[in-house]
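The following exercises are to be worked through with the model at hand. Each task is followed by a solution in steps.

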Amino acid sequence: MDRSFDEKVYEVVRRIPRGRVTTYGQIGALLGDRFLARAVGNALHRNPDGEKTPCYKVLNSRGELAKAFVFGGEEEQARRLRSEGIEVRNGRVDLAKYGWRPEASAYELEKRLGG
DNA sequence: GGGGTGACGCGTC
DNA sequence: CGACGCGCCACCC
């Protein structure tokens with residue numbers, strides 16, 4: 001009954017803190033393989049529930065939004081990001097400022113320590 | 001089982 | 001900055 005790859009991706013996305021973003025590559029790396037980045041993008045493209053899984057918080061390695069954002073396109077994605085206080089300029093977000101590294105999060109640390 | 005698709009990432013020009 | 005090329009992968013025919 002192992003969860004499908006897509007579901008694992010959604011789980012990670014649901015843990016992204018409010019006001020922060022992450023990238024396809026970082027999620028892939030967290031799931032065990034940096035080359036999964038492309039598959040992560042595909043998984044989000046198939047996201048069945050935009051409310052439950054805030055995929056608008058996932059960007060590419062350069063902090064750029066997705067032209068093919070499923071729930072309304074790039075503009076809608078920008079609006080959702082801004083609604084969390086995240087700045088979007090020229091279709092891009094400053095990862096140094098808003099980026100979240102899942103593998104270094106307190107949540108992960110706690111989990112590894114057996115919390 | 002074989003082949004196409006795509007919200008990727010990185011190097012190169 | 002933009003345009004390719006290439007490697008890789010899960011999904012879906």
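**Exercise 1.** In which helix is the place of Gln77? Determine also whether Gln77 is buried or exposed, and describe its surroundings.

*Solution.* The model is a predicted one.

Step 1. Gln77 has its place in helix H4, a helix that spans residues 73-82.

Step 2. The relative accessibility of Gln77 is 0%. Burial requires a value under 20%, and Gln77 therefore counts as buried.

Step 3. A polar partner is then sought for the side chain. The side chain of Gln77 reaches the backbone oxygen of Tyr56 at a distance of 3.0 Å.

Step 4. With neighbours within four places in sequence left aside, Gln77 is in contact with Cys55, Tyr56, Val58, Leu59, Leu65, Ala66 and Phe69.

Step 5. The view is now widened to the helix. Besides Gln77, the buried residues of H4 are Gly73, Glu74, Glu76, Ala78 and Leu81. Strand S2 (58-59) is included in what covers these buried residues of H4.

**Exercise 2.** State the succession of secondary structure elements in chain A, and give the share of buried residues.

*Solution.*

Step 1. Chain A contains 6 helices and 2 strands.

Step 2. Along the sequence, these elements follow the pattern α-β-α-α-β-α-α-α.

Step 3. Chain A has 115 residues, of which 39% are buried.

Step 4. Among contacts in chain A with a separation of 6 or more, 62% join residues 24 or more positions apart.

**Exercise 3.** At what angle do the axes of H1 and H3 cross, and which residues make the contact?

*Solution.*

Step 1. The two axes come within 9 Å and cross at roughly 85°.

Step 2. An angle of 65 to 115 degrees counts as roughly perpendicular, so H1 is roughly perpendicular to H3.

Step 3. H1 contributes Phe5, Asp6, Val9, Tyr10 and Val13 to the contact, while H3 contributes Ala39, Val40, Ala43 and Leu44.

Step 4. Sorted by class, the residues of this contact comprise 8 nonpolar, no polar and 1 charged.

**Exercise 4.** Describe the protein surface near DNA strand B: which residues come nearest, and which element supplies the largest share?

*Solution.*

Step 1. There are 15 residues around DNA strand B, and Tyr24, Arg38, Asn42, Asn60 and Ser61 come nearest. Of the strand B atoms that come within 4 Å of the protein, 44% belong to sugar and phosphate.

Step 2. Helix H2 (24-30) and helix H3 (37-45) each supply at least two residues of this surface. The largest share, 6 residues, comes from H3.

Step 3. Polar contacts to the bases are examined next. A polar side-chain atom of Tyr24 lies 2.8 Å from a base nitrogen of DNA strand B. For Ala68, a polar backbone atom is 3.4 Å from a base nitrogen of the strand.

Step 4. A phosphate oxygen of DNA strand B is also approached: an N or O atom in the side chain of His45 is 3.1 Å from it.

Step 5. By class, the surface has 8 nonpolar, 6 polar and 1 charged residues.

**Exercise 5.** Which residues lie around DNA strand C, and how do they divide by class?

*Solution.*

Step 1. The residues around DNA strand C are Ser4, Phe5, Asp6, Asp33, Phe35, Leu36, Arg38, Ala39, Arg46 and Arg92. Sugar and phosphate make up 75% of the atoms of DNA strand C that come within 4 Å of the protein.

Step 2. Phosphate oxygens of DNA strand C are approached by a polar backbone atom of Phe5 at 3.1 Å, by a backbone N or O atom of Asp6 at 3.2 Å, and by an N or O atom in the side chain of Arg92 at 3.5 Å.

Step 3. Helix H1 (5-14) and H3 are the elements that give two or more residues to this surface.

Step 4. The residues near DNA strand C divide into 4 nonpolar, 1 polar and 5 charged.

**Exercise 6.** Where is Asn90 found, and what is notable about its phi?

*Solution.*

Step 1. Asn90 is found in the loop between helix H4 (73-82) and helix H5 (95-98).

Step 2. Phi of Asn90 is near 55°, a positive value in a residue other than glycine. Most residues other than glycine have a negative phi.

Step 3. The relative accessibility of Asn90 is 71%, so Asn90 counts as exposed.

Technical notes. Residues numbered from 1 in each chain as written. Chains lettered and ligands numbered in written order. Predicted model: local features only at pLDDT ≥ 70, side-chain atom pairs only at ≥ 80, totals over all residues. Heavy atoms only, no water. Near = heavy atom within 4 Å. Polar contact = N/O pair within 3.5 Å; in protein donor to acceptor, adjacent residues only side chain to side chain. Helix = DSSP H or I, 4+ residues; strand = E, 2+ residues; numbered from the N terminus. Nonpolar A, V, L, I, M, F, W, Y, C, P; charged D, E, K, R; others polar. Axes fitted to C-alpha atoms, helices over the stretch in contact; angles between N-to-C directions. Parallel < 35°, antiparallel > 145°, perpendicular 65-115°, else oblique. Contact = heavy atoms within 4.5 Å. Buried < 20%, exposed > 50% of the residue type's maximum accessible area, 1.4 Å probe, protein only.
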